[in-house]
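Me: Please take a close look at one covered strand and the strands beside it, then place it in the rest of the fold. I would like the pairing, the burial and the charged contacts spelled out.

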Amino acid sequence: MYPARRCSSRLHRDLAAVCRSSLGTHPKKSGPLKKSSPPPTRSNSSAVLLSSLQGNLRFRPAFFPFLDRSVDTDDYEYEQADPNALLRECEEVLRNRPPRLHRDFMMTRACSLQNAPIRVMQWNILAQALGEGKDGFVRCPMEALNWSERKYLILEEILTYRPDVLCLQEVDHYFDTFQPVLASLGYQSSFCPKPCSPCLEVHNNNGPDGCALFFNRRRFQLLHTSHLRLSAMLLKTNQVAIVATLRCRFTGRVFCVAVTHLKARSGWEVFRSAQGAHLLQQLCELTTQSHPEMDDENRTRVGETEDGIPLVVCGDFNAEPSEEVYRRFMTSPLGLDSAYKCLSEDGNTEPPYTTWKIRPSGESCSTLDYIWYSERAFQVDAVLKIPSEEQIGPDRLPSYHYPSDHLSLVCDLRFSQQPHRFM
(Lines give C-alpha, C1' and ligand atoms only; values in the text may rest on other atoms or scores of the structure.)
Protein backbone atom coordinates (compact mmCIF):
# COMPACT_ATOMS: atom_id res chain seq x y z
CA MET A 1 0.00 0.00 0.00
CA TYR A 2 1.18 3.51 -0.70
CA PRO A 3 0.99 6.62 1.50
CA ALA A 4 -1.06 9.54 0.28
CA ARG A 5 1.02 11.83 -1.90
CA ARG A 6 0.44 15.12 -3.60
CA CYS A 7 0.89 15.41 -7.37
CA SER A 8 4.11 17.10 -8.35
CA SER A 9 5.33 18.95 -11.41
CA ARG A 10 7.81 16.12 -11.89
CA LEU A 11 4.93 13.70 -12.23
CA HIS A 12 3.43 15.87 -14.96
CA ARG A 13 6.77 16.16 -16.79
CA ASP A 14 7.40 12.43 -16.70
CA LEU A 15 4.08 11.20 -18.03
CA ALA A 16 5.83 9.14 -20.68
CA ALA A 17 7.76 7.31 -17.98
CA VAL A 18 4.62 6.84 -15.95
CA CYS A 19 2.60 5.17 -18.74
CA ARG A 20 3.32 1.51 -18.25
CA SER A 21 2.91 -0.68 -21.30
CA SER A 22 3.17 -4.44 -21.60
CA LEU A 23 2.37 -4.22 -25.32
CA GLY A 24 5.81 -5.14 -26.62
CA THR A 25 6.25 -6.28 -30.22
CA HIS A 26 9.41 -8.22 -29.46
CA PRO A 27 9.49 -11.96 -28.73
CA LYS A 28 8.69 -12.82 -25.15
CA LYS A 29 11.17 -14.38 -22.81
CA SER A 30 10.67 -18.07 -22.32
CA GLY A 31 10.22 -19.85 -19.06
CA PRO A 32 7.52 -19.67 -16.41
CA LEU A 33 7.33 -17.02 -13.76
CA LYS A 34 8.45 -18.56 -10.49
CA LYS A 35 5.73 -18.76 -7.90
CA SER A 36 5.36 -20.44 -4.57
CA SER A 37 4.07 -24.00 -4.57
CA PRO A 38 0.28 -24.24 -4.55
CA PRO A 39 -1.47 -25.65 -1.51
CA PRO A 40 -2.25 -29.35 -1.95
CA THR A 41 -6.00 -28.77 -1.66
CA ARG A 42 -6.09 -26.33 -4.59
CA SER A 43 -5.86 -27.02 -8.31
CA ASN A 44 -2.98 -25.37 -10.19
CA SER A 45 -5.37 -23.08 -12.06
CA SER A 46 -6.94 -21.93 -8.82
CA ALA A 47 -3.50 -21.39 -7.35
CA VAL A 48 -2.66 -19.03 -10.21
CA LEU A 49 -5.64 -16.86 -9.30
CA LEU A 50 -5.01 -17.00 -5.58
CA SER A 51 -1.31 -16.19 -5.79
CA SER A 52 -2.07 -13.30 -8.14
CA LEU A 53 -4.76 -11.88 -5.90
CA GLN A 54 -2.56 -12.16 -2.84
CA GLY A 55 -0.11 -9.76 -4.49
CA ASN A 56 2.92 -11.98 -3.96
CA LEU A 57 4.36 -11.56 -7.46
CA ARG A 58 8.03 -10.66 -7.41
CA PHE A 59 7.78 -7.99 -10.12
CA ARG A 60 5.22 -5.86 -8.28
CA PRO A 61 6.62 -2.35 -8.70
CA ALA A 62 7.24 0.19 -5.99
CA PHE A 63 5.46 3.52 -6.17
CA PHE A 64 5.90 3.60 -9.93
CA PRO A 65 4.85 7.18 -10.75
CA PHE A 66 8.21 8.33 -9.42
CA LEU A 67 10.35 5.77 -11.25
CA ASP A 68 12.24 6.79 -14.37
CA ARG A 69 11.88 3.53 -16.24
CA SER A 70 8.92 1.51 -17.46
CA VAL A 71 8.14 -2.05 -16.45
CA ASP A 72 7.25 -4.63 -19.10
CA THR A 73 5.25 -7.05 -16.99
CA ASP A 74 4.36 -9.21 -19.99
CA ASP A 75 8.00 -10.25 -20.31
CA TYR A 76 6.99 -13.19 -18.12
CA GLU A 77 5.21 -16.22 -19.50
CA TYR A 78 2.51 -17.15 -17.01
CA GLU A 79 1.23 -20.61 -16.32
CA GLN A 80 -2.01 -20.76 -18.26
CA ALA A 81 -5.15 -21.07 -16.16
CA ASP A 82 -8.48 -22.73 -16.89
CA PRO A 83 -11.09 -19.93 -17.09
CA ASN A 84 -13.85 -22.30 -16.00
CA ALA A 85 -11.89 -23.25 -12.88
CA LEU A 86 -11.22 -19.58 -12.09
CA LEU A 87 -14.89 -18.75 -12.54
CA ARG A 88 -15.84 -21.54 -10.12
CA GLU A 89 -13.28 -20.16 -7.68
CA CYS A 90 -14.91 -16.74 -7.86
CA GLU A 91 -18.34 -18.25 -7.30
CA GLU A 92 -17.08 -20.16 -4.29
CA VAL A 93 -15.55 -17.06 -2.69
CA LEU A 94 -18.77 -15.11 -3.34
CA ARG A 95 -21.18 -17.84 -2.21
CA ASN A 96 -22.46 -15.72 0.71
CA ARG A 97 -23.22 -12.70 -1.47
CA PRO A 98 -26.62 -12.11 -3.12
CA PRO A 99 -27.08 -13.51 -6.64
CA ARG A 100 -25.46 -11.37 -9.30
CA LEU A 101 -27.37 -9.46 -11.97
CA HIS A 102 -28.71 -11.72 -14.71
CA ARG A 103 -28.28 -10.14 -18.14
CA ASP A 104 -29.13 -11.60 -21.53
CA PHE A 105 -27.79 -10.71 -24.94
CA MET A 106 -30.08 -9.18 -27.52
CA MET A 107 -29.30 -10.47 -31.00
CA THR A 108 -29.43 -7.63 -33.51
CA ARG A 109 -28.97 -9.67 -36.66
CA ALA A 110 -28.68 -13.25 -37.86
CA CYS A 111 -25.30 -14.70 -36.96
CA SER A 112 -22.92 -15.38 -39.83
CA LEU A 113 -20.82 -18.52 -39.98
CA GLN A 114 -18.23 -16.88 -42.22
CA ASN A 115 -16.13 -15.28 -39.48
CA ALA A 116 -16.23 -15.21 -35.71
CA PRO A 117 -17.41 -12.00 -34.02
CA ILE A 118 -15.13 -9.88 -31.86
CA ARG A 119 -16.53 -9.56 -28.35
CA VAL A 120 -15.76 -6.14 -26.86
CA MET A 121 -16.26 -5.25 -23.19
CA GLN A 122 -16.23 -1.69 -21.82
CA TRP A 123 -16.28 -1.11 -18.06
CA ASN A 124 -15.43 1.52 -15.48
CA ILE A 125 -14.69 -0.88 -12.62
CA LEU A 126 -14.48 1.81 -9.86
CA ALA A 127 -11.03 2.43 -8.41
CA GLN A 128 -10.72 0.78 -5.01
CA ALA A 129 -9.22 3.88 -3.41
CA LEU A 130 -12.04 6.08 -4.74
CA GLY A 131 -14.77 3.65 -3.73
CA GLU A 132 -13.53 3.41 -0.15
CA GLY A 133 -12.10 6.88 0.34
CA LYS A 134 -13.68 9.50 -1.92
CA ASP A 135 -16.87 8.67 -3.82
CA GLY A 136 -19.25 8.52 -0.85
CA PHE A 137 -21.78 5.88 -1.91
CA VAL A 138 -24.08 6.47 1.03
CA ARG A 139 -26.34 3.46 0.42
CA CYS A 140 -23.49 1.00 -0.13
CA PRO A 141 -22.07 -0.62 3.04
CA MET A 142 -18.29 -0.37 3.30
CA GLU A 143 -18.17 -4.13 3.73
CA ALA A 144 -19.54 -4.52 0.19
CA LEU A 145 -16.53 -2.58 -1.11
CA ASN A 146 -13.95 -4.74 0.67
CA TRP A 147 -11.25 -5.50 -1.91
CA SER A 148 -10.78 -9.06 -0.68
CA GLU A 149 -14.16 -9.94 -2.24
CA ARG A 150 -14.88 -7.09 -4.64
CA LYS A 151 -11.97 -8.13 -6.86
CA TYR A 152 -13.64 -11.52 -7.28
CA LEU A 153 -16.87 -9.82 -8.33
CA ILE A 154 -14.99 -7.89 -11.01
CA LEU A 155 -13.15 -10.97 -12.24
CA GLU A 156 -16.36 -12.99 -12.23
CA GLU A 157 -18.01 -10.43 -14.52
CA ILE A 158 -15.08 -10.57 -16.94
CA LEU A 159 -14.93 -14.38 -16.86
CA THR A 160 -18.68 -14.63 -17.44
CA TYR A 161 -18.54 -12.78 -20.76
CA ARG A 162 -14.93 -13.58 -21.81
CA PRO A 163 -14.31 -10.68 -24.16
CA ASP A 164 -11.73 -10.74 -26.93
CA VAL A 165 -11.03 -7.06 -26.21
CA LEU A 166 -11.43 -5.61 -22.71
CA CYS A 167 -11.32 -1.86 -22.00
CA LEU A 168 -11.29 -0.74 -18.37
CA GLN A 169 -11.23 2.60 -16.55
CA GLU A 170 -10.39 3.47 -12.92
CA VAL A 171 -7.93 0.59 -12.66
CA ASP A 172 -5.76 0.95 -9.55
CA HIS A 173 -4.91 -2.74 -9.12
CA TYR A 174 -3.36 -3.45 -12.51
CA PHE A 175 0.01 -4.87 -11.49
CA ASP A 176 -1.08 -6.94 -8.49
CA THR A 177 -4.40 -8.29 -9.82
CA PHE A 178 -5.67 -7.70 -13.33
CA GLN A 179 -2.48 -7.97 -15.36
CA PRO A 180 -1.22 -11.25 -13.83
CA VAL A 181 -4.64 -12.93 -13.63
CA LEU A 182 -5.69 -11.98 -17.15
CA ALA A 183 -2.23 -12.82 -18.51
CA SER A 184 -2.76 -16.34 -17.19
CA LEU A 185 -5.98 -16.41 -19.25
CA GLY A 186 -4.21 -15.45 -22.48
CA TYR A 187 -4.57 -11.65 -22.50
CA GLN A 188 -1.86 -9.17 -23.45
CA SER A 189 -2.33 -5.74 -21.96
CA SER A 190 -1.34 -2.12 -21.49
CA PHE A 191 -1.90 0.33 -18.65
CA CYS A 192 -1.71 4.12 -18.67
CA PRO A 193 -2.28 5.88 -15.32
CA LYS A 194 -3.62 9.37 -14.90
CA PRO A 195 -0.71 11.79 -14.37
CA CYS A 196 -2.32 13.16 -11.19
CA SER A 197 -4.70 10.46 -10.02
CA PRO A 198 -7.11 11.34 -7.19
CA CYS A 199 -6.35 7.89 -5.77
CA LEU A 200 -3.00 9.23 -4.59
CA GLU A 201 -4.79 11.49 -2.13
CA VAL A 202 -6.32 8.50 -0.32
CA HIS A 203 -4.46 7.02 2.63
CA ASN A 204 -2.98 3.56 1.96
CA ASN A 205 -3.77 3.79 -1.74
CA ASN A 206 -2.54 1.22 -4.24
CA GLY A 207 -1.09 3.75 -6.66
CA PRO A 208 -2.74 5.84 -9.39
CA ASP A 209 -5.78 4.72 -11.34
CA GLY A 210 -5.90 4.77 -15.11
CA CYS A 211 -7.06 3.08 -18.28
CA ALA A 212 -6.17 -0.50 -19.16
CA LEU A 213 -6.58 -2.35 -22.45
CA PHE A 214 -6.50 -6.16 -22.72
CA PHE A 215 -6.78 -8.35 -25.82
CA ASN A 216 -6.67 -12.07 -26.59
CA ARG A 217 -3.11 -12.63 -27.72
CA ARG A 218 -3.95 -15.98 -29.30
CA ARG A 219 -6.37 -14.25 -31.66
CA PHE A 220 -4.70 -10.87 -32.19
CA GLN A 221 -1.20 -9.69 -32.93
CA LEU A 222 -0.16 -6.24 -31.74
CA LEU A 223 1.14 -3.96 -34.48
CA HIS A 224 1.36 -0.65 -32.64
CA THR A 225 0.32 1.05 -29.43
CA SER A 226 0.09 4.68 -28.32
CA HIS A 227 -0.50 6.28 -24.93
CA LEU A 228 -2.14 9.68 -25.15
CA ARG A 229 -2.49 12.49 -22.66
CA LEU A 230 -5.58 14.40 -23.68
CA SER A 231 -5.53 18.17 -24.13
CA ALA A 232 -8.28 20.74 -23.84
CA MET A 233 -7.92 24.28 -25.18
CA LEU A 234 -4.16 23.74 -25.61
CA LEU A 235 -3.79 22.64 -21.99
CA LYS A 236 -2.64 19.17 -21.00
CA THR A 237 -5.22 17.49 -18.81
CA ASN A 238 -5.37 14.68 -16.27
CA GLN A 239 -7.19 12.32 -18.67
CA VAL A 240 -5.51 9.69 -20.84
CA ALA A 241 -6.21 7.19 -23.60
CA ILE A 242 -4.63 4.02 -25.00
CA VAL A 243 -4.82 3.17 -28.71
CA ALA A 244 -3.72 -0.26 -29.99
CA THR A 245 -3.57 -1.43 -33.59
CA LEU A 246 -4.33 -5.15 -33.79
CA ARG A 247 -4.19 -7.74 -36.56
CA CYS A 248 -6.36 -10.85 -36.45
CA ARG A 249 -4.10 -13.89 -36.72
CA PHE A 250 -6.82 -15.90 -38.52
CA THR A 251 -8.21 -13.44 -41.07
CA GLY A 252 -5.47 -10.83 -41.38
CA ARG A 253 -7.93 -8.02 -40.69
CA VAL A 254 -6.46 -4.94 -39.02
CA PHE A 255 -8.32 -2.57 -36.69
CA CYS A 256 -7.64 -0.08 -33.91
CA VAL A 257 -9.03 -0.17 -30.36
CA ALA A 258 -9.01 2.86 -28.07
CA VAL A 259 -9.96 3.23 -24.41
CA THR A 260 -10.40 6.53 -22.59
CA HIS A 261 -11.97 8.22 -19.56
CA LEU A 262 -12.99 11.87 -19.93
CA LYS A 263 -13.28 14.56 -17.26
CA ALA A 264 -16.10 14.03 -14.74
CA ARG A 265 -18.67 16.34 -13.12
CA SER A 266 -21.25 18.81 -14.32
CA GLY A 267 -20.00 22.22 -15.36
CA TRP A 268 -17.16 20.69 -17.37
CA GLU A 269 -19.09 20.09 -20.59
CA VAL A 270 -16.97 22.43 -22.73
CA PHE A 271 -13.81 20.90 -21.28
CA ARG A 272 -15.01 17.37 -22.14
CA SER A 273 -15.90 18.47 -25.66
CA ALA A 274 -12.38 19.81 -26.15
CA GLN A 275 -10.90 16.56 -24.83
CA GLY A 276 -13.09 14.62 -27.24
CA ALA A 277 -12.00 16.82 -30.14
CA HIS A 278 -8.35 16.19 -29.30
CA LEU A 279 -8.93 12.44 -29.04
CA LEU A 280 -10.73 12.35 -32.40
CA GLN A 281 -7.87 14.28 -34.00
CA GLN A 282 -5.35 11.78 -32.64
CA LEU A 283 -7.48 8.84 -33.77
CA CYS A 284 -7.73 10.27 -37.29
CA GLU A 285 -3.95 10.44 -37.44
CA LEU A 286 -3.36 7.00 -35.94
CA THR A 287 -5.83 5.24 -38.22
CA THR A 288 -4.38 6.70 -41.42
CA GLN A 289 -0.63 6.52 -40.85
CA SER A 290 1.70 3.61 -41.53
CA HIS A 291 3.64 2.29 -38.56
CA PRO A 292 7.11 0.73 -38.74
CA GLU A 293 5.73 -2.34 -37.00
CA MET A 294 3.46 -2.93 -40.01
CA ASP A 295 6.32 -3.18 -42.51
CA ASP A 296 7.69 -6.34 -44.08
CA GLU A 297 6.09 -9.58 -42.85
CA ASN A 298 3.87 -7.83 -40.31
CA ARG A 299 2.55 -5.26 -42.74
CA THR A 300 -0.83 -5.87 -44.30
CA ARG A 301 -3.34 -3.66 -46.00
CA VAL A 302 -6.21 -5.87 -44.97
CA GLY A 303 -8.97 -3.66 -43.57
CA GLU A 304 -7.19 -0.47 -44.71
CA THR A 305 -9.08 1.79 -47.10
CA GLU A 306 -8.90 5.46 -47.98
CA ASP A 307 -11.01 5.99 -44.85
CA GLY A 308 -8.31 4.53 -42.62
CA ILE A 309 -8.12 1.51 -40.35
CA PRO A 310 -11.45 0.45 -38.77
CA LEU A 311 -11.85 1.67 -35.22
CA VAL A 312 -13.47 0.71 -31.91
CA VAL A 313 -13.52 3.33 -29.13
CA CYS A 314 -14.59 2.40 -25.60
CA GLY A 315 -14.86 4.72 -22.68
CA ASP A 316 -16.50 6.40 -19.76
CA PHE A 317 -17.15 9.76 -21.42
CA ASN A 318 -18.86 11.24 -18.34
CA ALA A 319 -21.25 12.79 -20.85
CA GLU A 320 -24.92 12.26 -21.60
CA PRO A 321 -25.99 11.93 -25.26
CA SER A 322 -27.17 15.55 -25.10
CA GLU A 323 -23.61 16.83 -24.66
CA GLU A 324 -21.45 18.30 -27.39
CA VAL A 325 -18.75 15.62 -27.04
CA TYR A 326 -21.31 12.94 -27.90
CA ARG A 327 -22.35 14.88 -31.01
CA ARG A 328 -18.70 15.27 -31.98
CA PHE A 329 -18.26 11.48 -32.03
CA MET A 330 -21.54 10.91 -33.86
CA THR A 331 -20.63 13.35 -36.64
CA SER A 332 -16.85 12.82 -36.85
CA PRO A 333 -15.21 11.99 -40.22
CA LEU A 334 -14.26 8.62 -38.71
CA GLY A 335 -17.81 7.42 -39.35
CA LEU A 336 -18.52 6.16 -35.83
CA ASP A 337 -21.76 4.85 -34.37
CA SER A 338 -22.72 3.72 -30.87
CA ALA A 339 -23.30 -0.01 -30.40
CA TYR A 340 -25.79 0.37 -27.56
CA LYS A 341 -28.26 2.29 -29.68
CA CYS A 342 -29.11 -1.16 -31.07
CA LEU A 343 -31.03 -1.88 -27.85
CA SER A 344 -33.64 0.78 -28.63
CA GLU A 345 -36.73 0.20 -30.75
CA ASP A 346 -35.82 2.97 -33.16
CA GLY A 347 -32.12 2.05 -33.24
CA ASN A 348 -31.18 5.67 -32.57
CA THR A 349 -31.53 6.02 -28.79
CA GLU A 350 -29.00 5.25 -26.09
CA PRO A 351 -30.06 3.18 -23.04
CA PRO A 352 -31.64 5.16 -20.17
CA TYR A 353 -28.61 4.61 -17.94
CA THR A 354 -25.19 2.99 -17.71
CA THR A 355 -24.52 4.18 -14.15
CA TRP A 356 -26.86 4.58 -11.18
CA LYS A 357 -25.61 5.68 -7.77
CA ILE A 358 -26.59 7.53 -4.60
CA ARG A 359 -24.14 10.04 -3.11
CA PRO A 360 -24.56 12.68 -0.40
CA SER A 361 -25.53 15.14 -3.14
CA GLY A 362 -28.38 12.88 -4.25
CA GLU A 363 -29.29 10.13 -6.70
CA SER A 364 -27.70 10.07 -10.14
CA CYS A 365 -28.97 7.93 -13.02
CA SER A 366 -27.05 8.65 -16.23
CA THR A 367 -25.83 7.33 -19.57
CA LEU A 368 -22.10 8.00 -19.63
CA ASP A 369 -20.44 4.90 -21.12
CA TYR A 370 -20.18 3.98 -24.80
CA ILE A 371 -18.77 1.53 -27.31
CA TRP A 372 -18.19 3.36 -30.61
CA TYR A 373 -17.37 1.46 -33.81
CA SER A 374 -16.66 2.20 -37.48
CA GLU A 375 -20.06 1.84 -39.07
CA ARG A 376 -18.61 1.19 -42.53
CA ALA A 377 -16.45 -1.70 -41.31
CA PHE A 378 -18.37 -3.44 -38.52
CA GLN A 379 -21.84 -4.79 -37.88
CA VAL A 380 -23.26 -5.34 -34.40
CA ASP A 381 -24.32 -8.96 -33.89
CA ALA A 382 -25.38 -8.80 -30.23
CA VAL A 383 -25.53 -6.41 -27.27
CA LEU A 384 -25.68 -7.27 -23.56
CA LYS A 385 -28.90 -5.88 -22.13
CA ILE A 386 -29.02 -3.23 -19.39
CA PRO A 387 -30.49 -4.60 -16.11
CA SER A 388 -33.81 -3.24 -14.92
CA GLU A 389 -34.33 -0.89 -11.98
CA GLU A 390 -35.76 -3.81 -10.02
CA GLN A 391 -32.66 -5.90 -10.69
CA ILE A 392 -30.35 -3.09 -9.60
CA GLY A 393 -32.27 -2.59 -6.37
CA PRO A 394 -33.23 0.44 -4.23
CA ASP A 395 -29.70 1.03 -2.96
CA ARG A 396 -28.43 1.31 -6.55
CA LEU A 397 -24.74 0.75 -7.37
CA PRO A 398 -22.26 -0.40 -6.20
CA SER A 399 -23.72 -3.06 -3.94
CA TYR A 400 -23.16 -6.52 -2.49
CA HIS A 401 -24.16 -8.04 -5.83
CA TYR A 402 -22.39 -5.64 -8.22
CA PRO A 403 -18.86 -4.23 -7.75
CA SER A 404 -19.02 -0.89 -9.57
CA ASP A 405 -21.25 2.14 -9.93
CA HIS A 406 -21.00 1.67 -13.71
CA LEU A 407 -22.49 -1.25 -15.63
CA SER A 408 -20.33 -3.24 -18.00
CA LEU A 409 -21.14 -2.89 -21.70
CA VAL A 410 -20.56 -5.91 -23.96
CA CYS A 411 -21.20 -6.28 -27.68
CA ASP A 412 -20.25 -8.67 -30.48
CA LEU A 413 -18.87 -6.94 -33.58
CA ARG A 414 -18.30 -8.56 -36.94
CA PHE A 415 -16.48 -7.23 -40.00
CA SER A 416 -19.02 -6.29 -42.65
CA GLN A 417 -17.02 -7.78 -45.53
CA GLN A 418 -14.77 -10.75 -46.02
CA PRO A 419 -11.02 -10.00 -45.81
CA HIS A 420 -9.12 -9.52 -49.04
CA ARG A 421 -6.80 -12.27 -50.22
CA PHE A 422 -3.32 -11.09 -49.43
CA MET A 423 -1.35 -14.30 -49.39
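Reply: Two strands count as paired if DSSP finds at least two bridges between them. The model is predicted, and everything below should be read with that in mind.

The strand in question is β9, residues 311-316. Strand β9 has two pairing partners to describe. With strand β8 (residues 254-261), β9 pairs in the parallel sense, and six bridges join the two. One residue pair fixes the register there: Cys256 has Leu311 in β9 as its bridge partner. With strand β13 (residues 369-374), β9 runs antiparallel, and five bridges connect them. On that side Val313 is matched with Trp372 of β13. Both senses are possible in a sheet, where strands pair through backbone hydrogen bonds, either parallel or antiparallel.

Burial is the next point. Six of the six residues of β9 are buried. In a regular strand the side chains alternate between the two faces of the sheet. For β9, one side carries Leu311, Val313 and Gly315, the other carries Val312, Cys314 and Asp316, and both faces are covered. Across the whole protein, buried residues make up 58% of the 423 residues.

Cys314 gives a link to another part of the fold. The cysteine sulfur closest to that of Cys411 is the one in Cys314, at 7.1 Å. A disulfide needs the two sulfur atoms within 2.5 Å, so the 7.1 Å between Cys411 and Cys314 is too far for a bond. The structure holds zero disulfides. Cys411 has a relative accessibility of 0% and therefore counts as buried. Cys140 also counts as buried, with a value of 7%.

Cys411 sits in a pairing of its own, being the partner in β15 of Val383. The strands concerned are β14 (residues 378-384) and β15 (residues 409-415), which are antiparallel and share five bridges. Both belong to an open sheet of seven strands with mixed pairing, in the order β1-β14-β15-β2-β3-β5-β4. At the edges are β1 and β4 (187-193), each of which pairs on one side only. From one strand to the next, the twist averages 20°. Helix α6 packs on this sheet and touches β1, β2 (118-124), β3 (165-171), β14 and β15, with its direction at about 160° to that of β2. Helix α7 (residues 174-183) packs on the sheet as well, touching β3, β4 and β5 (210-216), and its direction makes about 160° with that of β4.

Now the charged contacts. Side chains of opposite charge can pair when their charged atoms come close. The structure holds 19 salt bridges. One of them joins Glu157 to Arg103, with 3.6 Å between the closest N and O atoms. Glu157 belongs to helix α6 (residues 147-161), Arg103 to the loop between α4 (83-93) and β1 (105-107), and the two are 54 residues apart. Both Glu157 and Arg103 are buried.

A second salt bridge brings the side chains of Arg359 and Asp135 together at 3.4 Å, N to O. Arg359 is in strand β11 (residues 355-359) and Asp135 is in the loop between α5 (128-133) and α6, so this pair ties together parts 224 residues apart in sequence. The two ends differ in cover: Arg359 is partly exposed at 22% relative accessible area, whereas Asp135, at 12%, counts as buried.

Lys341 and Asp337 form a further salt bridge, their closest N and O atoms being 2.9 Å apart. Lys341 is buried, with 5% relative accessible area, and Asp337 counts as buried at 11%. Arg109, Asp381 and Arg414 are linked in a salt-bridge network.

Some overall figures complete the setting. The protein has ten helices and 15 strands. Of the contacts between residues at least 6 apart in sequence, 80% join residues at least 24 apart. The accessible surface comes to about 18,200 Å², and carbon and sulfur atoms account for 49% of that surface.

Notes:
Residues numbered from 1 in each chain as written. Predicted model: local features only at pLDDT ≥ 70, side-chain atom pairs only at ≥ 80, totals over all residues. Heavy atoms only, no water. Salt bridge = Lys/Arg side-chain N within 4 Å of Asp/Glu carboxyl O. Helix = DSSP H or I, 4+ residues; strand = E, 2+ residues; numbered from the N terminus. Buried < 20%, exposed > 50% of the residue type's maximum accessible area, 1.4 Å probe, protein only. Axes fitted to C-alpha atoms, helices over the stretch in contact; angles between N-to-C directions. Contact = heavy atoms within 4.5 Å. Areas by Shrake-Rupley, 256 points an atom, 1.4 Å probe, with all protein chains shown as cover.
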